[in-house]
Amino acid sequence: MSDYDYDLFVIGAGSGGVRAARVSAAHGAKVAVAEEYRVGGTCVIRGCVPKKLLIYGAHFAEDLKDAKRFGWNVPDTYDFDWKVLRDNVMAEVDRINGAYTSTLESHDVEIIHEHATITGPHGVRLAGGREVTAKYILIATGAKPAVPQCPGHEYGITSNEAFHLDAVPKRMLIAGAGYIANEFAGIFHQLGAHVTLINRTDVILRGYDESIRDRLLQISLMKGIEFRFHAAFERIEKNEDGSLTVSMSGHEPMTVDAVMFATGREPNTDDLGLESAGVELQKGAIMVDDDNRSTCPSIYAVGDVTNRVQLTPVAIREGQAFADSVFGGKPTRVDYHNIPSAVFSHPPMAGVGMTESEAKNKLGSCKVYTSDFRPMKNVLAGRNERALYKMVCDSETGKVLGLHMIGPDAPEILQAAAIAVKAGLTKDAFDQTVALHPSMAEELVLMR
């Protein structure tokens, strides 16, 4: 008989928490999950999944225009119903939420829809007053949007609320220049909004290869998205007609119909009672070792709440590694090298491994190969939009250190190419591979 109510108590049913709970239960552990909102977390409920569906919907704006060049009799004007897209996306979110819930239930994981607070190394108090104990506690509460604390900030929205708007704003101001800002800029621009991005610096998508992010900036400007750089919020005022006037440093005030904050995400560590168990934080994130263990030996953390790599697949791998290590008798650690990532902008960009500047800073020099081309579909459509693929290699060995690309289907293409980078293949291995023609992906083996 166990000395605890549960072998594992998970706080947060997002991607990392669900994976850890399910696999731990499969290993024979008695598991409970506390989730105060909905099973699935940010990615499924208010992040990657619904956002990607909106991106698919937004793409039809360009596809309908291009279709004429391909012989389709498309009318010059056509109606778009935001509520149809919005509601269908939310219905799909409901379906996936149900699937996640069923998966946990089929593994005999107890789901508790209450806020949970840690009371000690092995104790948890639920919002309803019930107190339970667990041999191990796993924090998987994810992160939340950061909101600038300027006067009138309460009039803005975040990505959480963007999925539930009553209509597409005619004029939209998006604060930030990371992947969330650029993705929603593409979405709402394609759906008919006039979009302006503002950022404190003049750099978008920091961390991505400079050539690729510069190409996205050029294309975004060409499409009609505006940028205001070196701009910080000063205040937001609500007008009688419901519009918002935004004052910012370095620029004239502007009046818009909606302001969206996409200025980063903060770990969800408030009101968890972490101090009662001696769990240390660093800049709001839970400090963990290579085995996901916090400064309290019985408490672990995975996913965005640790602020290591804020990507869903990473949280899932961390959850799997935790379960296999603690309950499966198979010590496992996550390898954080060469993690591929993508920005589902218009067009999308993706990358894996070192950027050119990173390689030069670390090695002193590198060889760079590129392919700058106009995709075949864009040529016939009369769309002057070019793709750019870039390969960064070790100057001496030819080993591929990084791959970076922007263009149609870039994330789909990079996923397979990332295997080559992870495996440590060389440029020669790409050169020896026969091109798959005609395709955009063939440019990977033709770069000079």
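**Close-up 1. Strand β22 pairs with strand β23 in this predicted model.** Within β23, V392 is the bridge partner of V368. Strand β22 covers residues 367-373, and seven bridges join it to β23. The two strands run antiparallel.

**Close-up 2. Strand β23 is mostly covered.** The strand comprises residues 387-393, and seven of its seven residues are buried. Both of its faces are covered. On one side lie A387, Y389, M391 and C393, which are all buried. On the other side lie L388, K390 and V392, and these residues are buried as well. V392, the partner of V368 in the first view, thus appears here among the buried residues of β23.

**Close-up 3. Strand β23 also pairs with strand β24.** Strand β24 consists of residues 400-406. Six bridges join β23 to β24, and these strands run antiparallel. In this pairing, L388 stands opposite I406 of β24. The two strands form a hairpin with six residues between them. In this hairpin, G398 takes a positive phi near 80 degrees.

**Close-up 4. Three residues form a nonpolar patch on the surface.** The members of the patch are F60, L64 and Y78. Together they have about 270 Å² of accessible area. Y78 is found in the loop between helices α3 (48-67) and α4 (82-106). Is Y78 buried, partly exposed or exposed? Y78 has a relative accessible area of 34% and is therefore partly exposed, as this value lies between the limits of 20% for buried and 50% for exposed residues.

Technical notes. Residues are numbered from 1 along each chain as its sequence is written. This is a predicted model: local features need pLDDT of at least 70, side-chain atom pairs count only at pLDDT 80 or more; totals for chains, interfaces and linings use all residues. Side-chain values use heavy atoms; hydrogens and water are left out. Buried means under 20% relative accessible area, exposed over 50%, partly exposed in between (1.4 Å probe, protein chains only). Helices (H or I, at least four residues) and strands (E, at least two) are DSSP runs, numbered from the N terminus. Two strands pair if DSSP finds at least two bridges between them. Patches are made of residues with over 30% relative accessible area and no salt bridge: like charges are joined within 9 Å, nonpolar side chains (Val, Leu, Ile, Met, Phe, Trp, Tyr) within 5 Å. Accessible areas come from the Shrake-Rupley method with a 1.4 Å probe; for residues, only the protein chains shown count as cover. A salt bridge is a side-chain nitrogen of Lys or Arg within 4 Å of a carboxyl oxygen of Asp or Glu.
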